[in-house]
2 protein chains.
Amino acid sequence: MNAETLKGHLELLLLAAIQAGPAHGYAIAERLHAKSNGLFDLPEGTLYPALHRLEHAALVTSRWSQVAGRRRRVYQLTPKGRRALTQHHGDWQEFARAVHGIVGDLA
Amino acid sequence: MNAETLKGHLELLLLAAIQAGPAHGYAIAERLHAKSNGLFDLPEGTLYPALHRLEHAALVTSRWSQVAGRRRRVYQLTPKGRRALTQHHGDWQEFARAVHGIVGDLA
DNA sequence: TACTATGCATCGTAATACGATGTATAGGGA
DNA sequence: TCCCTATACATCGTATTACGATGCATAGTA
């Protein structure tokens with residue numbers, strides 16, 4: 001997948017993945033990978049800074065968890081995050097409709 | 001519209017707009033504006049560098065034109081540009097399907 | 001006269017995705 | 001035992017990008 005394709009939509013995807021239930025970074029990446037049929041495969045350099053941005057923006061909170069000797073940072077949506085997700089979702093639909101209106105002629 | 005939303009999809013939109021028929025920069029922006037119901041309103045700082053990138057990549061060619069005392073640079077798709085458009089269109093559909101698969105649960 | 005629309009262009013900035021790299025644990029295969 | 005892979009976190013530096021600001025020029029309109 002083109003590197004630039006994701007830009008501007010990553011936040012939506014992460015929020016949506018977390019909305020499905022609290023999860024740590026690795027699990028979030030796996031959810032996105034599975035639900036996209038393998039299209040999305042977030043590298044660490046993309047995933048973790050993005051999660052930190054979400055937390056900094058108070059859209060998610062995190063807590064440390066210890067599972068089988070491995071530490072995990074588990075993320076959860078805040079009410080603000082849920083609102084942001086709704087907003088992003090609407091924006092996405094509007095954007096996708098607009099793109100379709102332009103390239104739809106080709107189909 | 002969020003500034004980042006467009007990222008990575010601008011090339012597709014421009015190619016699609018030009019595919020509808022040769023056009024100069026201003027006209028291309030108007031087509032996108034109209035076909036998106038006003039959502040896309042490309043500023044010059046976005047439009048012209050992007051067109052230059054397309055030409056540099058040999059996806060479009062340009063020729064100068066003089067209309068009513070105003071000079072215009074008219075862009076046209078190359079065969080390579082047409083192929084790129086097809087490719088981008090496929091990529092877009094794949095991407096949009098994947099996003100829908102992830103956020104679709106919210107609807 | 002001044003403003004708006006048309007039409008081109010470039011520079012600098014901020015944001016972003018990501019490759020590379022590093023650390024650490026657990027488990028399986030050679 | 002040794003090594004590789006998967007899991008799990010993190011940061012740094014780079015390239016790319018969209019875009020605001022700015023500038024130039026013409027035509028029409030208020």
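What follows is a conversation about a predicted model of two protein chains and two DNA strands.

Modeller: In this predicted model, local features need pLDDT of at least 70 and side-chain atom pairs count only at pLDDT 80 or more, while totals for chains, interfaces and linings use all residues. Residues are numbered from 1 along each chain as its sequence is written, and chains are lettered from A and ligands numbered from 1 in the order in which they are written.

Colleague: Why is Glu30(A) called partly exposed?

Modeller: A residue is buried if 20 or more other C-beta atoms, placed from the backbone, lie within 10 Å of its own, exposed if 12 or fewer, and partly exposed in between. Glu30(A) has 15 C-beta neighbours inside 10 Å, so Glu30(A) counts as partly exposed.

Colleague: Where is Glu30(A) placed?

Modeller: Glu30(A) sits in helix α2 of chain A. Helices (H or I, at least four residues) and strands (E, at least two) are DSSP runs, numbered from the N terminus.

Colleague: What makes the relation of chain B to chain A that of a two-fold axis?

Modeller: Copies are superposed by least squares on the C-alpha atoms of residues with pLDDT of at least 70 in both. A turn of 180° and a shift of 0.0 Å along the axis lay chain B on chain A with an RMSD of 0.0 Å. That is therefore the relation of a two-fold axis. In chain B, the C-alpha nearest the axis belongs to Lys7(B), 2.8 Å from it.

Colleague: How many residues of chain B are in contact with chain A?

Modeller: Contact requires C-beta atoms, placed from the backbone, within 7 Å. By that rule 29 residues of chain B are in contact with 29 residues of chain A. On this side of chain B, α4(B) gives the most, with eleven residues.

Colleague: Which residues are closest to DNA strand D?

Modeller: A residue is near a strand if its C-beta atom, placed from the backbone, lies within 6 Å of it. DNA strand D is surrounded by 30 residues, the closest being His24(A), Gly25(A), Glu44(A), Gly45(B) and Gly69(B). To the surface near DNA strand D, α3(B) gives the most, with six residues.

Colleague: Which residues are closest to DNA strand C?

Modeller: Around DNA strand C there are 29 residues, and Gly45(A), Gly69(A), His24(B), Gly25(B) and Glu44(B) are the closest.

How values were computed
Two residues are in contact if their C-beta atoms, placed from the backbone, lie within 7 Å.
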